[in-house]
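Student: I'm new to this one and would like a close look at a single part of it. Could you pick one side chain, start there, and work outwards?

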Amino acid sequence: MEKPPSEVPATVEGAVDTTETVAEPVEPAPEKVRHARRNLVVLVFSNLLAGVGVASGAAVGALLAESLGGTSMAGLAQAVGVLAAAVASIPLATLAQVRGRRWALSLGYALSTVGALLIVTAAVVGQLVVLLVGLTLYGVANATNLQSRYAAADNVGSGTRARTMSIVLWSTTVGSVVGPNLAAPGAVLGSGFGVPDLGGPYLFSIVAYLLAGLLLAALYRDPAGSVAVASARTAVGQPGGQDDDARRAGPKRTGALAALRWAWAHPQARFAVVTTAVAHGVMIMVMVMTPVHMQHGGMSLQLVGIVISLHVLGMFAFSPVFGWLADRFGPLRVAVGGMALQGAAVALGFTAAALVPDSGAHAGHGATGPVLNTEVLTAVALVLLGLGWSACVIASSAVLASVAEPHVKLPLQGATDALMNYFGAGSAALAGPLLAWGGFQAVNSAGAILLVPAVVTVILAVRARPAP
């Protein structure tokens, strides 16, 4: 007698480092996926537009919050956006399971468009509460951007999933570079509509999100046979789902917590979930405190901007390389390389902090010393930190995109993205007190400790593989 899905020992399919194999779901090879090429082009351009939308406002969000609510509100702008992305991840994945990726991604950008409109309104009327509501909806774009990589994986076979996801992720690079440079043009544009300077850049966000959502709604089509389409058909009682018997018996749903419990029981999936969250947490913790450390060391704001830009390039510019490596050599190897890069980053960051006189006590303002070495080490550390994040996230995403159990796949993706953002928000909150207590050395030491759970899960995943 055939085992029911819940009794199948494991459900990861395709060319991934895993012993957990079952029959693949009905996911056609790339050449047989209808609309696949158009879908991927649509995802790349929508991600590019959304990247512009996110980065346009990110450059001035804290300043706008400060102008309306004082200095204590400045940090709240980023925190609200991160938490909103975490909260939105699971509902968006649920909607993708019920109605398909097309409507989930389109709705995400529609909510972000409304958020940007509210932010502009808040800037005009000077209302902090309206601003916070707008920033909450605005943050949904980050969750939508992340889930677009899984939509890309739906359109290809297992042999090219990682590189396909990485290309969609790479398209964010353009937006991340262009967006911050729209602050000044946005202020000029806003003045023509009576919008204050700090609200003007969000006009670009409105247009970018609106176009991204319309592009997806008009041109993206969930590929026939994908988990999203099969789940949607099962949920609404249409024929052609993956399991007609299950459809007749009623839709089977898996919640986020149940999906995480399932992942915890399977070494490959557990590694993917933990590595995604940990890599993001380490990156956020070190990155958000780097500008403060650099200013404490007497470095210029111009240099701070250059270092952060290099970090962002490290996060996205080389993602296609890591995608190709994951497809060629397996996600586990790429993830181990990513952890090694992040380990090297925190080690260099610790060393850079040690070169600043009295850095632990924040007495380095204007101090003389080996500043050049500190600048170089800090820049290299931030680049390695971004590269490590890219390698870990792409490798882990490839495993999550290869989960074959249809009732677990999409909820697990949403739960992982939510956990990733919650972990990032917690790490950011912890970084400030750590910096105050022990300086940048303490921040990097904590980053190294955070890597330990990911290393453990990778070791367990490797040990679970069969002997050749």
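Let's take F316: is this residue buried or exposed, and what is its relative accessible area?

Tutor: F316 is buried, with a relative accessible area of 10%. Here buried means under 20%, exposed means over 50%, and partly exposed is anything in between, using a 1.4 Å probe and protein chains only. Before going on, keep in mind that this is a predicted model, where local features need pLDDT of at least 70 and side-chain atom pairs count only at pLDDT 80 or more, while totals for chains, interfaces and linings use all residues. Residues are numbered from 1 along each chain as its sequence is written, and side-chain values use heavy atoms, with hydrogens and water left out.

Now look at who sits beside F316. The whole structure holds 5 aromatic pairs, counting Phe, Tyr and Trp rings (the six-membered one for Trp) whose centres lie within 6.5 Å, with planes under 30 degrees apart called stacked, over 60 edge-to-face and the rest tilted. F316 and W389 make one edge-to-face pair, at 5.6 Å centre to centre and 75° between the planes. F316 belongs to helix α15 (residues 301-316) and W389 to helix α18 (residues 371-401), so the pair ties together parts 73 residues apart in sequence. (Helices are DSSP runs of H or I, at least four residues, and strands are runs of E, at least two, numbered from the N terminus.) W389 is also buried, at 3% relative accessibility.

For contrast, try W324 and F329: their ring centres are 6.1 Å apart and their planes at 85°, so that pair is edge-to-face too. Yet W324 is partly exposed at 43%, and F329 is partly exposed at 38%. F329 has another visitor, as the charged end of R328 sits over its ring, 4.9 Å from the centre. That label needs NZ of Lys or CZ of Arg within 6 Å of the ring centre and within 35 degrees of the ring normal.

Back to W389, which opens up a bigger picture. The largest nonpolar core has 69 residues, and F271, L385, W389, L412 and V443 touch the most other members. Such a core is a set of buried Ala, Val, Leu, Ile, Met, Phe, Trp, Tyr and Cys residues joined through side-chain atoms within 4.5 Å. Helix α14 (residues 267-296) supplies the largest share, 16 residues. A second, separate core of 32 residues includes V42, I119, A141 and A151.

Finally, the charged pairs. There are 3 salt bridges, meaning a side-chain nitrogen of Lys or Arg within 4 Å of a carboxyl oxygen of Asp or Glu. One joins R149 to D417, with the closest N and O atoms 3.0 Å apart. The two are 268 residues apart, R149 in helix α6 and D417 in helix α19 (residues 406-463). R149 counts as buried at 3%, and D417 counts as buried at 0%. Another bridge, D327 with R163, spans 2.9 Å from N to O. D327 lies in helix α16 (residues 319-329) and R163 in helix α7 (residues 161-170), so this pair ties together parts 164 residues apart in sequence. D327 is buried at 16%, whereas R163 is partly exposed at 29%.
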